[in-house]
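Please look over the chain shown below and follow how its strands and helices are put together. The report is meant to be read alongside the sequence and the structure.

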Amino acid sequence: MDQQLDDSGVPPSRRVLIVDDDRDAIRIVGDFLEARGFNTVSAMDGHEALARFHDEGPFDVIVLDVMMPNIDGLEVCRRLKSSPQGMLTPILLISARSDTRSRIAGLYAGADDYMTKPVDLREFGARVDVLLRLHDRYIELTGRRESAIEAAIFDGLSGTLSGDYFRRRLQEEIGRADRYSNSLTVVVMDLLGLPEPTEAEFDGDWGDERFASPAFKLVKAVGEGLRGRVRTPDLVSRLHRGRFAIMMPNTPRKD
């Protein structure tokens with residue numbers, strides 16, 4: 001299984017929430033997982049499971065029995081999957097019911113996998129591993145998507161908005177100002193006297209030591225200064241080289 005390393009370089013232990021009203025079942029599954037290096041937390045009913053999930057989470061996997069008193073496993077699964085944190089947590093349902101209708105009901109409740117009792121521990125371990133791999137890959141892809149969105153919105157050097165994103169927002173604000181007869185002011189400012197770097201240099205990796213020149217440091221400092229001095233609704237962008245723009249909605253030019 002792919003695991004992220006902590007600061008010491010050691011993979012952190014996976015945390016599993018085991019929910020079952022049978023103490024022997026919890027002990028068997030818990031001992032098996034702990035022998036494989038997992039940390040386990042147990043709950044004896046649906047109410048306790050929901051409380052432990054929200055109070056002691058996050059968990060990497062939830063092993064959930066279906067047939068329990070009060071709140072059954074299907075309802076617990078539905079409630080967990082309806083929460084932002086539970087939506088991303090793999091749930092393995094375990095049930096004494098092996099018929100197709102019960103399996104389908106479990107999957108429609110939001111479960112990521114379904115096993116029938118008695119549980120073969122080797123198969124159980126393999127299914128947990130698969131759920132963890134899928135979960136890790138989803139988290140990885142989500143992180144890449146967020147990084148791509150951030151890269152499209154923000155300028156890597158100045159920390160202000162990118163020119164393309166600023167122009168799109170400007171068109172939206174112009175349309176809103178026209179529709180509601182609101183004021184809209186845009187200030188454009190240029191840093192004069194900067195050396196003329198190539199476009200490739202301005203499109204480079206800003207963490208690279210090659211781009212630690214005084215001119216780049218100045219552009220970065222100006223971006224940080226502008227972002228720290230505008231109002232919350234105002235937008236700051238670096239349009240091109242040393243050119244910045246500040247968009248101020250609901251602000252007349254004289255202000």
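What follows describes the chain as a whole, then its two sheets in turn, and finally a pair of aromatic residues.

The model is predicted, and all values given here are computed from it. The chain has 255 residues, of which 37% are buried, and its secondary structure comes to nine helices and eight strands. Of the contacts between residues at least 6 apart in sequence, 59% join residues that are at least 24 apart. The exposed surface of the chain is about 15300 Å², and carbon and sulfur atoms supply 51% of that area.

**The parallel sheet**

Five strands make up an open sheet with parallel pairing, and their order is β2-β1-β3-β4-β5. Because β2 (39-43) and β5 (113-116) each have a single partner strand, they stand at the edges, and one side of each is left without a neighbour in the sheet. From one strand to the next, the twist averages 20°. The table lists three of the pairings in this sheet together with their bridges.

| Strand pair | Sense | Bridges |
|---|---|---|
| β1 and β2 | parallel | five bridges |
| β3 and β4 | parallel | four bridges |
| β4 and β5 | parallel | four bridges |

Individual residues mark these pairings along the strands. Where β1 (residues 15-19) pairs with β2, Val16 stands opposite Thr40 of β2. Between β3 and β4, the bridge partner of Ile62 is Ile91 in β4, and on the other pairing of β4, Leu92 has Asp113 in β5 as its bridge partner. The connection from β4 to β5 passes through helix α5 (residues 100-108), and this β-α-β crossover is right-handed.

How many of the five residues of β4 are buried? Five of the five are buried, so β4 is largely enclosed by the rest of the structure. The side chains of the strand alternate in direction, with Ile91, Leu93 and Ser95 pointing one way and Leu92 and Ile94 the other way, and all of these residues are buried. At another part of the sheet, helix α2 (residues 46-56) lies across β1, β2 and β3 (61-65), and its direction runs at about 140° to β2.

**The antiparallel sheet**

A further open sheet is formed by three strands in the order β6-β8-β7, here with antiparallel pairing. The edge strands are β6 (184-190) and β7 (235-240), each of which pairs on one side only, and the twist averages 20° from one strand to the next. Strand β7 is joined by five bridges to β8 (residues 243-249), the two running antiparallel, and within this pairing Ser237 stands opposite Ala245 of β8.

Helix α7 (residues 163-180) packs on this sheet, where it touches β6, β7 and β8, and its direction makes about 130° with that of β7. Helix α9 (residues 214-227) also lies across β6, β7 and β8, but runs at about 10° to β8.

**An aromatic pair**

A pair of aromatic rings is described by the distance of the centres and the angle of the planes. The structure holds two aromatic pairs. One of them joins Phe53 and Phe59, which are stacked with 6.4 Å from centre to centre and 25° between the planes. Both Phe53 and Phe59 are buried, and Phe53 falls within the residue range of helix α2 (residues 46-56).

Methods: Residues numbered from 1 in each chain as written. Predicted model: local features only at pLDDT ≥ 70, side-chain atom pairs only at ≥ 80, totals over all residues. Heavy atoms only, no water. Pairing = 2+ DSSP bridges. Axes fitted to C-alpha atoms, helices over the stretch in contact; angles between N-to-C directions. Contact = heavy atoms within 4.5 Å. Buried < 20%, exposed > 50% of the residue type's maximum accessible area, 1.4 Å probe, protein only. Areas by Shrake-Rupley, 256 points an atom, 1.4 Å probe, with all protein chains shown as cover. Right-handed = clockwise from strand over helix to strand, strands pointing away. Phe/Tyr/Trp six-rings, centres within 6.5 Å; stacked < 30°, edge-to-face > 60°.
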